[in-house]
Amino acid sequence: MDFGGVLTTSLDDAVRRFEAREGLSEGAVAHGWYRNPAMVALTHDLERGRATQSDWNRHLGRTLGIDSTDLLGRIFADSRLDDSMVSVPARARSCGLKTGLLSNSMGLAPWNMYQGFDIDAAFDAALVSGRHGVRKPEPAAYRLLLTMLEVPGEDCVFVDDNAENLPPAEALGMATVLHRSAEDTRTRLGELLGVALAPEPGTALTPMV
């Protein structure tokens, strides 16, 4: 499964709150980031570990006309671990299933998306794009994770909140789940895997620190 937007609360919601705090118009970040070819290319380099987060912050800050200090961390300051999803890989492993993380990282400093969550302990294999030099939706990223897990694609289910990242997994034989809510994803995974993946009673959202 993916990390940001799957094991965390909605990244889009965090962006909207950031825009409100900064006095930016709604959609300003998407326009300056995803619709700017130079920023898209820089983001891909950052995800592959070929650029620094500080470079990224500086370029987007200049594009948006705002302070670039820890900009990525400020954009996603309201992102939180979603305990109802964090419990899913732990529950799956307790049922004897292997679990893997396939995440496009955005550098680890000054903001670390994974801080407060030990991905290496939580998963049997963790492929973080900046560590391995490949990113979703490049097919090589999915093939590498299957190699790390030592399982064929036909035995896997892949979960991501970005529909663009699902076809390469499907091409390798994986079943896929487009994450939209914890409840729906747990239900669908339970159907595909044949195990109950509901969280323990009393779980709550945990701030990422």
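**Two helices and a buried residue**

Tutor: Let's start here: helix 6 and helix 11 are roughly parallel to each other, because angles under 35 degrees count that way (over 145 is roughly antiparallel, 65 to 115 roughly perpendicular, the rest oblique). This is a predicted model, where local features need pLDDT of at least 70 and side-chain atom pairs pLDDT 80 or more, while totals for chains, interfaces and linings use all residues. Residues are numbered from 1 along each chain as its sequence is written, and side-chain values use heavy atoms, leaving out hydrogens and water.

Student: Okay, what angle do helix 6 and helix 11 pack at, and how far apart are their axes?

Tutor: The angle is about 20°, and the axes of helix 6 (residues 83-94) and helix 11 (residues 182-193) are 9 Å apart. Helices here are DSSP runs of H or I with at least four residues, and strands are runs of E with at least two, numbered from the N terminus.

Student: Which residues make the contact?

Tutor: Helix 6 brings Ser 84, Met 85 and Val 88, and helix 11 brings Ala 182, Thr 185, Arg 186 and Leu 189. Contact means heavy atoms within 4.5 Å.

Student: New topic! Is Asn 57 buried or exposed?

Tutor: Asn 57 counts as buried, at 3% relative accessibility. Buried means under 20% relative accessible area, exposed over 50%, and partly exposed in between, with a 1.4 Å probe and protein chains only.

Student: Where is Asn 57, and what does Asn 57 touch?

Tutor: Asn 57 is in helix 4 (residues 53-64). Not counting residues up to four places away in sequence, Asn 57 touches Ser 68, Asp 70, Leu 71, Leu 72 and Pro 110.

Definitions and conventions: Axes fitted to C-alpha atoms, helices over the stretch in contact; angles between N-to-C directions.
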